[in-house]
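Visitor: I would like to learn how to read the empty spaces inside a protein. Could you walk me through it?

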Amino acid sequence: MLWGILAIFVLAALAPWLHRAFPRASGWLLALGPAALGGQYLFRAGEIVGGPPLVETHPWVPALGLELAFRMDGLGLLFALLITGIGTLIVVYAGAYLAGDTRLGRFYLFLLAFLGAMLGLVLSDNIFLLFVFWELTSVTSYLLIGFDHEREAARDAALQALLVTGLGGLAMFAGLILLGQMGGTASFAELAARGAMLKAHPLYLPALLLILAGAFTKSAQFPFHFWLPGAMEAPTPVSAFLHSATMVKAGVYLLARLSPALGGTEAWTGIVATTGAVTFLVGGFVALQQSDLKRLLAYSTVSALGLLTWLLGWGNPLAVQAGMTFLVAHALYKGALFMAAGTVDHETGTRDVTRLGGLFGKMPLSGTMALLAAASMAGLAPLFGFVAKELFYEAARDSVWPLWISVGAAMLGSVGTVTVAMMVSVEPFFGRYVATPKAPHEAPLGLWLGPASLALLSLAFGLLPGGPQGLLASAVTAALGEPSSFKLALWHGLNPTLALSLATLAAGGLLYAARGPLRRAFAAAAGPLSYGPTRAYEWTLQALKGLAAGQTRLLQHGYLNYYLLVFLVAILAMIAWPLLFHWDFHLRLPNSGIRVYEGLWAALIACGAGVAVATNSRMFAVVALGVVGYGIAFLYLLFGAPDLAMTQILVETLMLIVLLLGLYHLPGFAKYSRPASRLRDVLLSVAAGALVTLLVLITQQNPHPARLVEYFSKNSVPLGQGRNIVNVILVDFRALDTMGEITVLGIAALGVYALLKLRLKGGGEP
Amino acid sequence: METLLAVVIGALYAAAFYLLLRRSIVRMLFGLLLLSNAINLLIFTSGGLTRARPPIVPAGAAEATPPFADPLAQALILTAIVIGFGLLSFTFVLIYRYYQERGSDDTAQMRATDP
């Protein structure tokens with residue numbers, strides 16, 4: 001499994017070159033990768049459905065207990081097949097959809113990288129490995145939503161999706177760590193076996209809440225759902241793949257995966273089922289307000305994700321069976337509808353359903369496929385969506401909740417789904433033909449192959465529900481943690497469930513017929529309806545930016561003097577504080593006597609410094625600095641350091657020459673500071689100087705042991721072959737320092753040369 | 001003598017800090033120059049003062065006869081003097097070029113990273 005995932009990543013890395021080499025056929029070529037992998041999974045499906053899961057483990061960071069552990073059971077296989085299967089169609093579709101776009105190579109790169117990450121996510125058996133892939137899908141999703149990065153809306157939407165799912169992911173990471181600590185293992189399979197112990201653990205609730213934060217943000221559950229409609233800024237292949245069929249189901253996958261370990265408690269059912277049900281209803285309600293094809297589909301995806309979460313929250317066998325069946329049905333019809341919507345957009349130049357109509361005559365093939373998929377979405381027999389909806393109603397009739405709540409909510413949301421299904425299929429394809437920005441034609445093969453395959457699969461699974469039955473049963477078994485068998489059937493006989501289905505269809509149809517007044521009513525209520533989590537997100541983001549800007553203004557104001565001032569005050573305070581409050585020694589002044597000429601030199605140095613500070617003439621200041629420098633050189637000479645004296649004199653002379661030559665080109669001293677701030681600086685400097693004096697005196701208190709000096713003195717001749725110990729240290733004992741010093745000088749010289757040669761273009765604007 | 005030098009070092013530091021806090025950038029440069037001299041002298045004094053006894057092994061002897069000046073402090077200062085020169089030359093040219101391009105020597109004008 002590792003090699004399969006790695007192969008997809010390698011293919012992703014090669015995609016831009018492949019696209020450059022075969023610009024026309026690249027989509028078809030690249031689709032072979034996921035197709036081959038999917039074929040391999042399908043080939044082994046019988047083995048996995050009937051027998052034990054495939055397990056594969058490679059060492060990764062053994063010291064941390066991290067391993068590349070993969071495990072393919074029914075649940076993983078179901079997702080892996082959806083990812084590779086739909087992924088193959090999407091790659092082909094993208095090749096036609098973005099044909100001629102110069103950025104297509106990069107698009108393939110992101111798309112395939114996402115595919116690899118998503119596969120890794122559903123096949124990981126290690127919770128931390130899952131997290132890594134989880135974040136990778138967030139990052140690739142960010143890149144894909146912001147693919148059209150020159151548009152601000154796309155950038156904002158990408159950031160929004162990343163922030164919401166990324167924050168949720170962080171919370172989930174904390175939850176996973178807790179889970180690993182509680183269970184004493186990082187393996188999902190072992191955690192599932194320790195469910196009873198985990199559920200009784202005192203940390204159960206915090207861990208559950210943190211993990212749910214990750215799952216709910218990723219799967220766009222209310223109130224985090226708002227990023228998903230925003231993500232429609234992405235090119236349509238991305239919306240069809242990431243934001244309907246695969247990535248947004250990662251949260252649902254995690255719920256199913258962890259349900260044996262954490263599910264079935266009151267907290268689980270209460271939080272997960274309620275959130276799911278609310279999302280189901282809110283998504284459906286908001287979808288009705290939309291007129292953009294992709295946003296219609298996006299909100300109905302939110303609604304569908306809510307439904308899946310709801311069913312997994314209940315967690316009884318019937319609900320999980322309905323959930324897994326609906327998951328497949330939704331992936332098939334929603335992928336097809338998104339691609340069909342993209343095709344309509346591609347051919348007509350608009351996605352607004354109120355400006356579309358009567359396209360069926362122009363695009364019969366695409367229209368048929370869209371209608372088939374929409375029929376599955378609405379739950380019409382004999383499509384697979386009907387099978388799923390029947391199971392959903394069965395589960396609602398047999399749940400832990402009061403019948404009127406569960407069936408009522410199920411009906412209400414499903415009516416919305418039916419209406420939306422008609423809005424995205426009947427409205428653009430039938431009725432009076434409306435002229436569109438582009439004259440529509442039937443789409444090319446690449447554009448209808450994807451929707452056609454998925455729509456026909458919906459039909460095939462509906463007619464022959466025995467086909468996917470084994471795989472679904474195996475997935476249900478994995479999500480339940482106990483063996484389960486169920487039979488899928490198209491016809492359940494004349495029973496109350498069928499009556500509910502028919503009633504839903506009728507109500508949905510009526511609502512569709514009343515879409516005109518409905519839209520007017522929504523438009524009238526647009527003001528109050530605009531309040532919601534999106535507003536909260538925008539407000540938080542603005543507040544955060546404001547806070548950051550304020551802090552930057554406060555700390556990074558750009559006034560060099562104040563930076564220095566802050567440094568100086570901070571250092572002074574840090575040194576003076578312990579000195580003043582932990583003063584526990586008596587200061588003895590060392591007394592080696594002062595000879596007259598020594599005292600004179602010292603006074604000369606101090607005077608030089610004073611003149612350099614006080615003078616208003618640059619020339620005077622330079623001369624004063626020279627006095628200080630030469631004075632210090634003479635001190636070196638007096639106290640046994642002839643090498644230092646020599647170097648100091650040389651450097652000082654050079655410096656004086658440079659300064660005297662250069663100062664001619666620099667302005668004279670100007671008095672920029674006010675007297676008050678000058679006084680403040682004088683006080684501060686004097687305090688700092690006094691502190692340094694004190695520190696020097698303190699270091700004189702206990703003469704340091706001179707073991708090093710002794711060593712250098714003894715070994716200078718035998719090891720260094722030199723009699724001048726300072727020289728031997730420089731070129732022998734500490735030669736590396738000297739090497740560094742030469743390098744620094746070289747770099748400084750290069751810098752000086754470059755600065756002098758640098759001529760800025762454009763009238764001195766750097 | 002150590003006490004006197006401690007006071008001189010303090011005076012050099014005070015002068016250097018005051019110059020560094022000025023807005024006129026040439027004054028800051030002078031402050032930097034004074035500061036590097038002050039630091040060298042600080043290290044020199046901390047090594048202990050020994051009059052007129054350079055750390056040299058006399059011809060024929062195996063090691064230097066104490067007392068002699070601390071050779072390690074001297075080696076460190078020697079490196080520091082040279083690097084200080086490199087630093088100052090670079091800073092000086094930087095200031096010079098800035099003044100050429102911008103016509104200002106006031107650090108309060110140098111606030112933007114991307115003017």
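Guide: Gladly! Rolling a probe the size of a water molecule over the atoms shows where empty space is left. On a 1 Å grid over the protein atoms alone, a cavity is a set of points where a 1.4 Å probe fits but cannot get out, and lining residues have an atom within 4 Å of a point. Grid points are joined across faces, edges and corners, and a volume is the space filled by probe spheres set on the points. This is a predicted model, and totals for linings use all residues. Residues are numbered from 1 along each chain, and chains are lettered from A.

Visitor: How many cavities of 30 Å³ or more are there?

Guide: There are four. The largest holds about 110 Å³, and the second largest about 80 Å³.

Visitor: Which residues lie nearest the centre of the largest cavity?

Guide: Of its 13 lining residues, those are A:Val651, A:Glu652, B:Ser36, B:Asn37 and B:Ile81. Helices are DSSP runs (H or I, at least four residues), numbered from the N terminus. In this lining, α29 (642-663) of chain A and α2 (25-46) and α3 (71-102) of chain B each supply at least two residues; α3(B) gives the most, five.

Visitor: What lines the second largest cavity?

Guide: Its lining includes A:Phe280, A:Ser300, A:Tyr333 and A:Lys389. Here α15 (293-314), α16 (317-348) and α19 (403-429) of chain A each supply at least two residues, with the largest share, four residues, coming from α15(A).

Terms used
Predicted model: local features only at pLDDT ≥ 70, side-chain atom pairs only at ≥ 80, totals over all residues. Heavy atoms only, no water. 1 Å grid on protein atoms, 1.4 Å probe; cavity = no way out; pocket = protein on both sides within 12 Å on 5 of 7 lines; lining within 4 Å.
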